[in-house]
Amino acid sequence: MERLRYFLQRTLLSMRQTPLLSGATIGTVAIALMLLSFFTLIVFNVQNLTRQWSRDIQVIVYLDRIPSNSVLEQWCQEITKLPAVETVHYVSQAEAFERFRKRLGQNDDLLDGLMPEILPASLEIALREEARTQRGAEELVELLSRNSTFSDFRYGQEWLERYDAFMFLLRLTGTLAGGFLIFATLFIISNTIKLTIYARRDELEILSLIGATPFFIKAPFLAEGAFQGAIGALLALGGCHVLYYFFLKKGLAALLTTAAAQNISFLPTWMQVAVLGLGLTLGLAGSMLPLRKFVRM
Amino acid sequence: MIQLCNIGKVYDNGAPALHDINLKIPSGDFVYITGSSGAGKSTLLRLLYCADRPSRGQILMGERNITRLRPRSVALLRREIGFVFQDFKLLNKRTVFENVALPLQVQGLAKQEIQSRVYQLLQYVGLEYKLQRKPLELSGGEQQRVAIARAMIVRPRVLLADEPTGNLDSDLAIEIMEMFTRINHEGTTVLLATHDRELLDRFPRRTIVLKGGHIVSDTLPQTAEETPSKEEAI
């Protein structure tokens, strides 16, 4: 208990005694994590947006003949069982006609005198998220083609090609930039903490001379690193929230449609906790590396 | 009893520091280790508090072989040894009280016991009225007394002092030496590395002279004559 109190006292006191160094460490962690969080926020929102677009990806099978209810039910059951399929919806000729009429809007009088039978019935097959790619759609079409009744398929090939290319670019940019940012953050934080520990190497030497165990020497420094990392992470989240509010929420709202702007959201709670955990871990790891060098018995 | 058997030390860069050192220092003894700069005095002390490991040979402290100890055992050994250095090695951002209390905090003693022992020891070195001062607000002699108090707070069996008077004028040096003598009279073994001839003459004790990493003489104060051979000293 005495030791725990000593560790806590030392951690807080040492931060008070070296406000400039502590401030520099916290500031470095905050700025580095804010950049990382803001980048994650952008990727997260772009992914959300594309996920919404991808919901439109579906394979439509136009039916030459209207099947009986029992056959239709059997097809739906069989298709739903396929791993790439999320839902199957049968669009009757009447429903297709009604949709067409709605789409024409004020010009719907063009359809006056026409019967619903001019449009084919269809099966609208929505894909699972992981299959919403050109390859996924093509594979499904190949499977469906085995049923000789199905011959006319539509799945927006060109749109899917562009969507795939965009998603590839997004992932590549996300991985490269995210990896670089994490590496840079660890490097900067580790070096800043190394400086603070270097400035206090006399204290480390004296502690080791008077019989402090390696744990006793390292614990306050590790606690300080973790504490500074956590404070930095909280500041980073605060800063990221400010950036989000002014640049994404307000700034983009002016550029995007209202619906798209409404979908822009801040990092979910688990990601915020992850940023806090990352700050804490970076602070710990950043202290641990130089301590290994300076604390030698 | 401290025993060094065939101790040799060569640093990582290949520089030899000590050769074939054989020594026996009985408990309660006061021993000077002297010699010119680079003779190996500090290296010998560093081996005794396990800051370095000997390249060959064995060191026994009491019944314990301290030649190859694990980090935790090194820490526990150092709790039985007091250290005093030329540059005091005090924490300048902490008060006199905090500096002296540090070894006891390391050992996890209760706050009340720490307070009472630190106060007693500061009285012993005559600094009880400066316990809230920071080291840099004190004179050199006072700083060295704080360092001695910190070394003595753990009631060490052995006190190692590396040029403890090197930064002090002669009056202060005498004051510090009188303090070491008092500590030795109370039963602590004292090993003091110095090249100050004046102190050796004024406070005559067993004196081991090092030159180029070899023991060249080991004399006792009563006769002030060199022992005929190193073996005899062992």
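Me: How should burial be read here: is A:Cys240 buried or exposed, and what is its relative accessible area?
Reply: A:Cys240 is buried, with a relative accessible area of 0%; buried means under 20%, exposed over 50% and partly exposed in between, for a 1.4 Å probe and protein chains only. This is a predicted model, in which local features need pLDDT of at least 70 and side-chain atom pairs count only at pLDDT 80 or more, while totals for chains, interfaces and linings use all residues. Residues are numbered from 1 along each chain as its sequence is written, chains are lettered from A and ligands numbered from 1 in the order in which they are written, and side-chain values use heavy atoms, with hydrogens and water left out.

Me: How many disulfides are there over all chains, and which cysteine sulfur is nearest to that of B:Cys50?
Reply: A disulfide is a covalent bond between the sulfur atoms of two cysteines, taken here as a pair of cysteine sulfur atoms within 2.5 Å. By this rule the count over all chains is zero. B:Cys50 is in no disulfide, the nearest cysteine sulfur being that of B:Cys5, 15 Å away. B:Cys50 is buried, with a relative accessible area of 9%.

Me: At what angle do helices H2 and H10 of chain A pack?
Reply: Two packed helices are described by the angle between their axes and the distance between the axes. H2 (residues 19–54) and H10 (residues 269–294) of chain A pack at about 150°, with their axes 11 Å apart. Helices are DSSP runs of H or I with at least four residues, numbered from the N terminus; axes are lines fitted to C-alpha atoms over the stretch in contact, and angles run from 0 to 180 degrees between N-to-C directions. H2(A) and H10(A) are therefore roughly antiparallel, given that angles under 35 degrees count as roughly parallel, over 145 as roughly antiparallel, 65 to 115 as roughly perpendicular and the rest as oblique.

Me: Which residues of H2(A) and H10(A) meet?
Reply: A:Leu33, A:Leu36, A:Ser37, A:Thr40 and A:Phe44 in H2(A) meet A:Met271, A:Val275, A:Leu278, A:Gly279 and A:Leu282 in H10(A), where contact means heavy atoms within 4.5 Å. By class, this contact of H2(A) with H10(A) has seven nonpolar, three polar and no charged residues.

Me: At what angle does H2(A) cross H6(A)?
Reply: The axes of H2(A) and H6(A) (residues 157–199) come within 10 Å and cross at roughly 170°, and these two helices are therefore roughly antiparallel. Their contact divides into 22 nonpolar, eleven polar and no charged residues.

Me: What is the packing angle of H6(A) and H10(A)?
Reply: H6(A) and H10(A) pack at about 50°, with their axes 8 Å apart, which makes H6(A) oblique to H10(A). The contact includes A:Leu186, A:Ser190 and A:Ile193 of H6(A), and A:Leu282 and A:Gly286 of H10(A). By class, the contact of H6(A) with H10(A) has ten nonpolar, five polar and one charged residue.

Me: Which residues does A:Gly286 touch, beyond those up to four places away in sequence?
Reply: A:Gly286, which is found in helix H10 of chain A, touches A:Ser190 and A:Ile193 under that exclusion. A:Gly286 is buried, with a relative accessible area of 0%. Its C-alpha atom is separated by 7.1 Å from that of A:Leu186, although the two residues are 100 residues apart along the chain.

Me: Where is B:Lys130 found, and is B:Lys130 buried or exposed?
Reply: B:Lys130 is found in the loop between helix H4 (111–124) and helix H5 (140–152) of chain B, and is buried, with a relative accessible area of 14%. Not counting residues up to four places away in sequence, B:Lys130 touches B:Val96, B:Leu138 and B:Glu142.

Key. Nonpolar A, V, L, I, M, F, W, Y, C, P; charged D, E, K, R; others polar.
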